[in-house]
There are 2 protein chains.
Amino acid sequence: MVDRKGGPVTLRSIADQLGLHVSTVSRVLNGRDGDGVRAASGDTATRIRRLAAELGYRPDPHGRGLRTGRSELVGVLVPRLSDLVLAMIYEGIDEAAGELGLTTITANTLDDEQVRRQRTRMLLARRVDGLIFGDARLDSGFLDELAADGVRFVLVNRRADGHPSVTPDDRLGGRLAAEHLLGLGHTRVAVIGGEPFASTAVDRTAGFVEYYREHGAGDPVVLRSPFDTAGGRAAAEQALRRPDPPTAIFAVNDFAAIGALGAARDHGLQAGADIAIMGYNDTPLAAELPIPLTSVAVPMHEIGRRALELLTRSLAGEEVRSQRLAPTLVARASTGAG
Amino acid sequence: MVDRKGGPVTLRSIADQLGLHVSTVSRVLNGRDGDGVRAASGDTATRIRRLAAELGYRPDPHGRGLRTGRSELVGVLVPRLSDLVLAMIYEGIDEAAGELGLTTITANTLDDEQVRRQRTRMLLARRVDGLIFGDARLDSGFLDELAADGVRFVLVNRRADGHPSVTPDDRLGGRLAAEHLLGLGHTRVAVIGGEPFASTAVDRTAGFVEYYREHGAGDPVVLRSPFDTAGGRAAAEQALRRPDPPTAIFAVNDFAAIGALGAARDHGLQAGADIAIMGYNDTPLAAELPIPLTSVAVPMHEIGRRALELLTRSLAGEEVRSQRLAPTLVARASTGAG
DNA sequence: CTGAAAGCGCTTACAG
DNA sequence: CTGAAAGCGCTTACAG
């Protein structure tokens, strides 16, 4: 990106070396192939392209952005990037973005309303073309405000009413978990249901409970907890101390399930033999745990890709619709299967 | 960021509303406090600042970047963001960047030389001010080339000769692990040593082996493996099938240690009773596993923060020096301690 | 204390 | 087929 004389490679430096005008160079280098109208004669175009390639010309995004009003930047907000599920979804988003020449900027919001607002402002100040929220809350009006301001965005992983999203079909996922555990004969079951403000938690729990009710298998005990391992452990502790402890636990998240595994062990129970424990998301760790964890697999990478694609279509002015991707059950030793 | 008439808020729109010149507004809004020279009269400055705040003025980074040649963007390259260790380091980097008004852009390189080059070019095309590499390899000349081209960067987590870095003191960390296991009486030990191109793997292994030799406790068996759980499991399998299987295993990474935990279980061995297993990094999961994992704790967040600070000092033209942060041992049940 | 000008690199509608 | 101009929003050295 530096030419022989040490100056940066710009349209001007290319034009000067070729004795052409900067606008001609720009037209050629931006020419969409085969659109009928030619940007320059074949010979001129070839010379320009050759020199640009040779010098490693890369258009300055500042100049282009200032002129076009587009930054080719996409902001991605997540609760935490160190949450594996979000990290994998983000990798899908970033991969798809890269293929379209877009760059992503990510920000942690810690599921905190103030941080979310502050980070969104920061991203908007950077002039992102659009946003992807991985931290939508069912109990917040923030997204409605943003939409009213004309900000373009889509949601990923967690849905919220009235906004386009790409998520797992979590109700179905909850039903798959219930089908698995009820199929194994468990009628005294507990759900570690996550946080009530997240659609993932609510939908997975609802699908699970719904299935048990439909089959006349009674009402599962539902416990709320943070999505992490410590939260799962505490909730499982609580369930196991009941007078009628469950014989099976469904955690709406693998990390919470790992916590439940620990709690079971503390109670002298071996997962897969004395108690069935399962998670959700099928993170890479699930298969590799000392006692492999039954889980509901979700195409996280693909969900991320689709979210980015949905956003670009929305930015292009298209009306877009939410997408639910189907999960699948993966049975392993922690429920005595696999 | 949109004024009453719907147009964007710019220096010009503020200047016009106040009957001032755009340069005056710029001077005031960029005025470093108390630098002697005043950008405008107190009254004018107040009126400008008030209106800017009221309208939510945010300077357009395209305009500013075009003019100043600085983007206020920092590129961060890591093997994978879905690796928890890198995700936590990245969170530290991003936090420190935010405090300085910088924005980070991250990219996965998958520890692949071609991807690394391609992603670096992409970041440079975005005109980042500097780069942070979390994926340095001991066997690559790529960083030397970049430095020769005048690109500014620092390394994080993994070091490489001749370039400034912020890393754990991994040789010391390896020694701490050895001290712990030898202190428990283990003389037949195996090291799951990771990949030979990463300084983390090499230094941790070297520190461990060095300690055993210094104490006349013999030579540990050293196995190479990928840094993930599957790799750790395979390496542990190999160690346990030896005619003289180890009584203790040190994995240079928690995820590999979790794999070793699984392999031990397959062999009917209970970690902490029949065999001692420990990891490195003390990721949040370590404390929460069914059998809590002994590990060497590393200040990942702080390492990230320091790397960003080192880069900004380097960008300011300062000569910078590498930093090694001290790790600490955390003894838990997996080695029969804790 | 404030204004005016120049120019960073780019794209685009227009002229010839 | 190619050139010339305008202008996106900003900062900065200079003039008054």
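1. In this predicted model, a polar side-chain atom of N30(B) sits 3.0 Å from a phosphate oxygen of DNA strand D. Two further side chains of chain B reach phosphate oxygens of the strand through an N or O atom. For Y57(B) the distance is 2.4 Å. For R64(B) it is 2.8 Å.

2. The surroundings of DNA strand D comprise 27 residues. S41(A), L11(B), Y57(B), R64(B) and R67(B) are the closest. By class, the surface near the strand has nine nonpolar, 12 polar and six charged residues.

3. Both chains take part. Helices α2 (22-30) and α4 (61-68) of chain A, and α2 (22-30) and α4 (61-68) of chain B, each give at least two residues to the surface near DNA strand D. The largest share is that of α4(B), with five residues.

4. Which parts of DNA strand D lie within 4 Å of the protein? Of those atoms, 59% are sugar or phosphate, and the rest belong to bases.

5. Chain B also holds an open sheet of four strands, ordered β7-β6-β8-β9, with parallel pairing. Its edge strands are β7 (221-223) and β9 (276-278), each paired on one side only. From one strand to the next, the twist averages 15 degrees.

6. Strand β8 (residues 248-251) of chain B joins β9(B) by three bridges in the parallel sense. Within this sheet, I249(B) has I277(B) of β9(B) as its bridge partner.

7. Two helices of chain B pack on the sheet. Helix α9 (residues 199-214) touches β6 (189-192), β7 and β8, and runs at about 165 degrees to β6(B). Helix α11 (residues 254-266) touches β6, β8 and β9, and makes about 155 degrees with β9(B).

Key:
Residues are numbered from 1 along each chain as its sequence is written. Chains are lettered from A and ligands numbered from 1 in the order in which they are written. This is a predicted model: local features need pLDDT of at least 70, side-chain atom pairs count only at pLDDT 80 or more; totals for chains, interfaces and linings use all residues. Side-chain values use heavy atoms; hydrogens and water are left out. Two strands pair if DSSP finds at least two bridges between them. Axes are lines fitted to C-alpha atoms, for helices over the stretch in contact, and angles run from 0 to 180 degrees between N-to-C directions. Contact means heavy atoms within 4.5 Å. A residue is near a molecule or strand if one of its heavy atoms lies within 4 Å of it. A polar contact is a pair of N or O atoms within 3.5 Å; within protein, one must be able to donate a hydrogen and the other to accept it, and residues adjacent in sequence count only if both atoms are side-chain atoms. Ala, Val, Leu, Ile, Met, Phe, Trp, Tyr, Cys and Pro count as nonpolar, Asp, Glu, Lys and Arg as charged, and the others, Gly among them, as polar.
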